[in-house]
Amino acid sequence: MLKREDNERLVRVGPGTVGGEFMRRYWQPAVLSSELPEPDGPPVRVRLLAEDLIAFRDTAGTVALVDAYCPHRRAPLFYGRNEECGLRCVYHGWKFDRAGNCVDMPSEPPGTPLQAKVKLRAYPTCERGGVVWTYMGPEDKRPPEPDFEWLRAPPTHQFVSKTFEHCNYLQAMEGGLDTAHSSFLHDNRLGDTVALRSRDRAPRIAVEPTDYGYRYSSTRSADEANEYVRVYHFVMPNQQIRAMTTAPSGERAEVPKIDGHVWVPIDDEHCWVYNWAYGYDENAPLTPAFIEAIETFAGRGPDDLIPGTFKLKRNLENDFMIDRELQKTSTYTGITGLNTQDMALQEGMGPIVDRSREFLGSSDRAIVTMRRLMLEAIRAVEAGDAPRGVNPEVARDIRAHDGYVPRGGDWHTLFADELKARW
Ligand code: FES
Ligand SMILES: [Fe+2]
């Protein structure tokens, strides 16, 4: 449970809110690189932290992220002409470069002093791992660029997609940090007791705060000799990292991979979920067929999206196409798609969950700790200090892992090497 005022501090992300100022202190994913495939291509609408923006790739190939409205009379720059290192408003022809300078003002007399005065709001960007990142906070507090291991993996071993989610980012992220639900919500083979996460449905959860957020483990009984341990990371302020490297037998998976999500607030009631994965076995790249299979399993394969959007066909409006017969006979939810199941629950809570009405249990430890760290970081920003995890250096070398640990063994030592980044 959370006090109502604390809930408000966490979920509101617009300019001027304490939660919004906090989120603006970190680099955030703005668009996928693939949404802006070529220089001088069509601009793309971006709503981020409740600000309406436009992204365009200029002639030099650099992505600009600017106010969606022209500073002259607020015309929509979405219709602008992307030409010769700038975006030209099609209302009266004013043109702006990626830094927001007005570089042409053809509707005014030549040499007008107005041109130097007019600025279009522009945010810095950098491109890494197939994602265009932006920093929307105060310039003097801008941290170095993001440097997670997934951004350094070679393109043959790396993948990223995104999905639209109709709820506040925090409840979506809480779904990601909540490891206990996987034995229930994601039980797609009712009655199968072999699946690792069905063998023990009440994992022991331990949380260890770090400089970047925390590391947490879930331990389940696997067989008489072993426990199955998953070690995850929560990286401030909105990322989770987990591993899928172990097959149910306890052997290494054929394509061991590490995945994660970044939950990026569009505004208070919507978010983008960036879904990334990378393989770490040099001999086991993520092939297009493998990627399509995992995306389809997650519920966002090529046939699952409304064409031309990042929205699922199975969505809140159609109750995620729940199949009650399937629910009776074979899967826990009757909803197809692993992450679609997550979304059904997260969106179904309403756009902003009222955390003052919850009853939390021991399986919610990771969520409770996340909220505490986030509130602490918001207070730090209010006090003029740097929030936890703002320097990418602190999360540069982390990696998640999962595997068998002989009973009585300590994963800290047994997994020590596996928990270090190698790309
Ligand atoms: S509104 Fe953009 S140039 Fe006039
Ligand atoms: Fe889930």
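Biologist: How many aromatic pairs does the structure hold?
Modeller: This is a predicted model, in which local features need pLDDT of at least 70, side-chain atom pairs count only at pLDDT 80 or more, totals for chains, interfaces and linings use all residues, and side-chain values use heavy atoms, with hydrogens and water left out. Residues are numbered from 1 along each chain as its sequence is written, while chains are lettered from A and ligands numbered from 1 in the order in which they are written. With rings of Phe, Tyr and Trp (its six-membered ring) pairing if their centres lie within 6.5 Å, the number of aromatic pairs is 14.

Biologist: Which arrangement do Phe164 and Trp272 adopt, and what is the angle between the planes?
Modeller: Planes under 30 degrees apart count as stacked, over 60 as edge-to-face and the rest as tilted. The centres of Phe164 and Trp272 are 5.7 Å apart. Their pair is edge-to-face, and the planes meet at 75°.

Biologist: How many residues apart are Phe164 and Trp272?
Modeller: Phe164 belongs to strand β12 (residues 158-165) and Trp272 to strand β18 (residues 270-279), strands being DSSP E runs of at least two residues, numbered from the N terminus. Both Phe164 and Trp272 are buried, that is, under 20% relative accessible area with a 1.4 Å probe and protein chains only. The pair links distant parts of the chain, with a separation of 108 residues.

Biologist: How about Tyr214 and Phe234: what arrangement do they show?
Modeller: Tyr214 and Phe234 are buried too. Tyr214 sits in strand β14 (residues 213-221) and Phe234 in strand β15 (residues 226-235), 20 residues apart. With 5.1 Å centre to centre and 50° between the planes, the pair is tilted.

Biologist: Which residues coordinate the iron ion (ligand 2)?
Modeller: Donors are N, O and S atoms within 2.8 Å of the metal (3.2 Å for Na, K and Ca), and water is not among the atoms, so sites may look incomplete. Here the distances run from 2.0 to 2.7 Å. Two NE2 atoms and two entries for Asp342 (OD) make up the donor set, so by that rule the residues are His181, His186 and Asp342.

Biologist: Are the two histidines, His181 and His186, buried or exposed?
Modeller: Along the chain, the donors of the iron ion (ligand 2) follow the spacing H-x4-H-x155-D. As for His181 and His186, both are buried.

Biologist: What is the relative accessible area of His157?
Modeller: His157 lies in the loop between α4 (149-152) and β12. This residue is buried, because its relative accessible area is 6%.

Definitions and conventions
Buried means under 20% relative accessible area, exposed over 50%, partly exposed in between (1.4 Å probe, protein chains only). Helices (H or I, at least four residues) and strands (E, at least two) are DSSP runs, numbered from the N terminus.
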